[in-house]
Amino acid sequence: MAGGGAPAKADEPGPHPPKDQLPNVSYCITSPPPWPEAILLGFQHYLVMLGTTVIIPTALVPQMGGGNEEKAKVIQTLLFVAGLNTLLQTWFGTRLPAVIGGSYTFVAPTISIILSGRWNDPDPVAKFKKIMRATQGALIVASTIQIVLGFSGLWRNVARFLSPLSAVPLVALAGFGLYEFGFPGVAKCVEIGLPQLIILVLFSQYLVHLIRPGKNIFDRFAVIFSVVIVWIYAHLLTVGGAYNGKPPKTQISCRTDRAGLIDAAPWIRVPYPFQWGAPSFDAGEAFAMMMAAFVALVESTGGFIAVARYASATPLPPSILSRGVGWQGIAILLSGLFGTGNGSSVSIENAGLLALTRVGSRRVVQISAGFMLFFSVLGKFGAVFASIPAPIVAALYCLFFAYVGSVGLSFLQFCNLNSFRTKFILGFSVFLGFSIPQYFNEYTVIQGYGPVHTSGRWFNDIINVPFSSEAFVAGILAYFLDNTLHKKEGPIRKDRGKHWWDKFRSFKTDTRSEEFYSLPFNLNKYFPSV
């Protein structure tokens, strides 16, 4: 051995070698599965993204004054815009197989708009439209922050300072930080949620090894199998009268006929821009929404890094990440123009589904975008799938958010875990990433408002929204500490894992970047990546 060290003993276990690309993925970003399989996998992605698409309007529309009909229209619009944005992101953005759907980050500023006390209209539907138009105005203004940061290349300069070490808390908490949407959702109706969770794990992890011939059928389509089985079981419970006379909360969570979407949804309806009328603008609300857009930008950066890993692509070059962020800004702009009542960001649950299926193919996600557009126009058919009981969706989240959290932890393979600096940055940012939002969220639940409580609602949101996001707090903290603590010392660069990502700092330095991330239709000639 060079350097005169003692020779390594043959039987001594060596560490696992770090890998630029995730091994054992069946289909990577550029290799599509056969068409029948790709269509089924695309449908599975559509089923998974439906959860958030239904949960957000179900929470917001009744508060805005809308009934079931408005709720169905908002869900259709959210689906339609998600389909458009997913296609734009996979064609012109990062080109990763990332689904761009609704985001919980934008819910708080939207609720502030609802509660602003400007809407004293006796007609609930007119009130709903006024609130929706105010939300649209705020989203249109808020989209500028991501468009400017992305397309100007400013976010590229920020991403250049990201190391594997500071990516760990950001990506891990983009998944683990959504824990409140997991088991608490399952527990709303344990007799449906728990079987779904158990069957999903059985199909995806155990049956694969028990049944050899259909090797990939069970784990690849575990979502479709388990959802169908539990949905039929839930429907039998509903029809059998298991929930008759139960409290309304139980009925809403458990019954399969309670969503009110199928009757309310039109047969065919194409969402169009300004369908609720001309947007109205308010400076304070726009600033609050801008802060939410910035938080969503940080969370989506974690989402993109997770998707790149599970698609078995090389780490994202900063210029490509910046381009994706710019297109995500356009996604928020489209959300504002169409009136979804919500912004857009990377769907974390779909990133987890890439891990479950081991299919990171771009074509599969483009097919799923086709399903979104198709079912958003054919309202009645879309409404059938949209009325899957929420505990079933929460059970899926338990697995998918966990997968995204674990891919965050996997970047530790590039770092030196025996360094005290690494331990401090990692532990401190992850701990506070859970602890600070816990305080903010707990305070809000008990008091009915956040810790920052002034007469200006928009100002409260600017402070309360970022500190309520686990991924944002952990990511920003790790990024700051990693770039300020003894950064100049030689060995520390290696401890941070920075040397592993050096060859991906620019688009040109690694030939694989061209294969995974170059634009279609020879557009790289006109829009070169640096």
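**Helix crossings and enclosed spaces**

Let me begin with a pair of helices in this predicted model, where α8 passes α10 in a right-handed crossing. The axes of α8, residues 190-210, and α10, residues 222-239, come within 9 Å and cross at roughly 155°, and since an angle over 145 degrees counts as roughly antiparallel, the two helices are therefore roughly antiparallel to each other. On the α8 side the contact is made by Glu191, Ile192, Pro195, Gln196, Ile199, Leu200, Phe203 and Ser204, and these meet Ala222, Val223, Phe225, Ser226, Val227, Ile229, Val230, Tyr233, Ala234 and Leu237 in α10. Sorted by class, this contact of α8 with α10 holds 14 nonpolar residues, three polar ones and one charged.

Two other pairs of helices meet at another kind of angle, and I will take α6 and α13 before turning to α1 and α17. For α6, residues 164-176, and α13, the axes come within 8 Å and cross at roughly 95°, which makes α6 roughly perpendicular to α13. Here Ala167, Leu170, Val171 and Ala174 of α6 are in contact with Val298, Glu299, Thr301, Gly302, Ile305 and Ala306 of α13, a set that divides into seven nonpolar, two polar and one charged residues.

Please keep Ile305 in mind, as it comes back when we look at the cavities. How many cavities of 30 Å³ or more does a search of the whole structure find? The search finds three, and the largest of them has a volume of about 230 Å³. Its lining is formed by 18 residues, of which Leu162, Ile305, Pro315, Leu316 and Trp501 are the closest to the centre. The elements that give two or more residues to this lining are α13 (283-310), α14 (318-338) and α23 (498-501), with the largest share, three residues, coming from α13. In character the lining of the largest cavity is made up of 12 nonpolar residues, one polar and five charged.

The second largest cavity, at about 80 Å³, has no charged residue in its lining, which divides into eight nonpolar and four polar residues. The residues that line this second cavity are Ala72, Ile75, Gln76, Leu79, Leu261, Ala265, Phe375, Ser376, Gly379, Gly382, Ala383 and Ala386, and at least two of them are supplied by each of α2 (68-91), α16 (362-377) and α17 (379-386).

That brings us to α17 and its partner α1, residues 35-64, whose axes come within 10 Å and cross at roughly 80°, so that α1 is roughly perpendicular to α17. Phe43, Tyr46, Leu47, Leu50 and Val54 in α1 meet Gly382, Phe385 and Ala386 in α17, and the contact comprises seven nonpolar residues, one polar and no charged. Gly382 and Ala386, which take part in this contact, are also among the residues that line the second largest cavity.

Finally, both α1 and α17 appear again at an open space, the second largest pocket, which has a volume of about 960 Å³. Which residues are the closest to its centre? Of the 35 that line the pocket, they are Ile55, Thr58, Lys188, Ile252 and Ala390. Two or more lining residues come from each of α1, α7 (183-186), α11 (248-254), α17 and α18 (390-409), and by class the lining of this pocket has 23 nonpolar, six polar and six charged residues.

Note on methods. Residues numbered from 1 in each chain as written. Predicted model: local features only at pLDDT ≥ 70, side-chain atom pairs only at ≥ 80, totals over all residues. Heavy atoms only, no water. Axes fitted to C-alpha atoms, helices over the stretch in contact; angles between N-to-C directions. Helix = DSSP H or I, 4+ residues; strand = E, 2+ residues; numbered from the N terminus. Parallel < 35°, antiparallel > 145°, perpendicular 65-115°, else oblique. Left-handed = near helix turned anticlockwise from the far one by under 90°. Contact = heavy atoms within 4.5 Å. Nonpolar A, V, L, I, M, F, W, Y, C, P; charged D, E, K, R; others polar. 1 Å grid on protein atoms, 1.4 Å probe; cavity = no way out; pocket = protein on both sides within 12 Å on 5 of 7 lines; lining within 4 Å. Points joined across faces, edges and corners; volume = space filled by probe spheres on them.
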